[in-house]
Amino acid sequence: MNTATIPATQRLTNSALWYGLLITLLGMATQFLYFLRPSPPISHLLPWINLSVPGIGLFLLVIGLARAFRQPAVYRGKIWGSVLTVIALLLLVGNVFLFRQTRSVPGSAGAPQVGQRFSEFTLPDSTAQPTSLSQLFAASADGSQPKAVLLVFYRGYW
Amino acid sequence: MRGIQEQLKEFQALGVRPVAISVDPPEVSANLRRKAGYNFTFLSDPNLDVIRRYDLLHAAAGPDGHDISRPAEFLVDRSGVVRWANFTEDIRVRPRAQEMLAVARNIR
């Protein structure tokens with residue numbers, strides 16, 4: 001039987017391409033999971049999920065594309081499969097870039113560790129009033145004295 | 001920081017005073033406090049003196065390539081000893097207020 005004569009409508013749906021597209025989109029959606037403010041260990045896994053899910057999507061798309069090109073008489077998707085794969089590839093590159101960018105935080109070997117003393121410092125507060133670490137432990141207006149200070153270093157508001 | 005503000009009463013009830021520190025000058029911090037409705041203390045380290053001393057510098061990571069602080073959190077008790085510290089590897093991953101409250105409960 002000459003497979004080349006099979007009409008386009010009778011060729012098989014290239015499901016790997018559809019699943020590849022779906023998983024790539026799902027991978028993009030995982031970027032929004034940060035808004036749910038996940039707690040550990042999920043929060044620590046999330047960057048890896050962001051990276052691996054679009055990777056799986058791309059892998060499926062490549063499989064689908066290989067089928068479309070090697071067996072064009074059996075499977076559909078030569079043209080739109082190529083387009084989707086290029087889009088998925090670009091998305092994956094973007095995800096890798098984001099992954100590298102957000103994990104470029106330098107180590108802090110010289111920072112005070114648990115059990116070590118946090119030495120005294122003085123910095124201006126938001127009213128430009130010089131404030132020292134020991135002053136942060138001073139009693140407030142209602143007379144209560146903090147037993148601990150939570151120092152939150154952050155990247156800045158810009 | 002939004003999480004800390006949301007749980008501010010709980011922190012205060014446990015005797016914990018949250019303090020935010022960044023390179024932002026006082027007027028920028030004042031603006032942020034007003035806009036975001038944060039009513040805990042913000043300190044400014046525009047010259048990176050303290051940030052550098054504690055090895056928290058993230059060089060050239062600011063929007064126009066200036067030096068900023070990396071995200072880091074320390075729970076310091078009255079004697080100045082660090083009781084808990086967190087150094088994230090990913091700027092999108094931060095400790096939850098609940099996690100910090102749990103540690104604070106163990107400090108007398």
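User: Two residues are in contact if their C-beta atoms, placed from the backbone, lie within 7 Å. How many residues does the contact take from chain A and from chain B?

Analyst: Glad to help: this is a predicted model, where local features need pLDDT of at least 70 and side-chain atom pairs count only at pLDDT 80 or more, while totals for chains, interfaces and linings use all residues. Residues are numbered from 1 along each chain as its sequence is written, and chains are lettered from A and ligands numbered from 1 in the order in which they are written. The numbers for chain A and chain B are 45 and 64 residues.

User: Which element gives the most to the side of chain A that touches chain B?

Analyst: Elements here are DSSP runs numbered from the N terminus, with helices (H or I) of at least four residues and strands (E) of at least two. Helix H2 (42–70), strand E1 (122–124) and strand E3 (148–153) of chain A each give two or more residues to that side. With 6 residues, the one that gives the most is E3(A).

User: How do the residues on that side of chain A divide into nonpolar, polar and charged?

Analyst: Ala, Val, Leu, Ile, Met, Phe, Trp, Tyr, Cys and Pro count as nonpolar, Asp, Glu, Lys and Arg as charged, and the others, Gly among them, as polar. For the side of chain A that touches chain B, the division is 26 nonpolar, 13 polar and 6 charged.

User: Which residue in E5(B) is the bridge partner of A:Val152?

Analyst: Two strands pair if DSSP finds at least two bridges between them. E3(A) is joined to strand E5 (residues 72–77) of chain B by 6 bridges, and the two run antiparallel. Within that pairing, A:Val152 has as its partner B:Glu73.

User: E5(B) also pairs with E6(B). Which residue in the turn of their hairpin has a positive phi?

Analyst: E5(B) runs antiparallel to strand E6 (residues 82–87) of chain B, with 5 bridges between them. B:Phe74, for one, is bridged to B:Ala85 in E6(B). The hairpin leaves 4 residues between the strands, and the residue with a phi of about 85° is B:Gly80.

User: Which strand is included in what covers the buried residues of H3(B)?

Analyst: A residue is buried if 20 or more other C-beta atoms lie within 10 Å of its own, exposed if 12 or fewer, and partly exposed in between, with C-beta atoms placed from the backbone. In helix H3 (residues 26–36) of chain B, B:Ser29, B:Leu32 and B:Arg33 are buried; they cover an arc (of the directions from the helix axis to the C-beta atoms) of only 100°, so they are on the same side of H3(B). B:Glu27, B:Arg34 and B:Lys35 are exposed on the other side. The cover over the buried residues includes strand E2 (41–44) of chain B.

User: Which element supplies the largest share of the largest nonpolar core?

Analyst: A nonpolar core is a set of buried Ala, Val, Leu, Ile, Met, Phe, Trp, Tyr and Cys residues joined through C-beta atoms within 7 Å. The largest one has 32 residues, and those with the most contacts inside it include A:Leu150, B:Val19 and B:Leu75. Elements that each supply at least two of its residues include E1 (16–22), H4 (49–53) and H5 (97–104) of chain B. The largest share, 6 residues, comes from E3(A).

User: What is the radius of gyration of chain B?

Analyst: Chain B has 5 helices and 6 strands, in the order α-α-β-α-β-α-β-β-β-β-α. The radius is taken over C-alpha atoms, and the globule rule is 2.2 Å times the number of residues to the power 0.38. For 108 residues that rule gives 13 Å, so chain B is as compact as a globular protein of that length, at 14 Å.

User: And what is the radius of gyration of chain A?

Analyst: Chain A contains 4 helices and 3 strands, and its C-alpha atoms fill a box of roughly 90 × 30 × 30 Å along the principal axes. A compact globule of 158 residues would have a radius near 15 Å, but chain A has 27 Å.

User: Is A:Gln145 buried or exposed?

Analyst: A:Gln145 is found in the loop between helix H4 (133–136) and E3 of chain A. Not counting residues up to four places away in sequence, A:Gln145 touches A:Phe137 and A:Ala139. Because A:Gln145 has 11 C-beta neighbours inside 10 Å, this residue counts as exposed.
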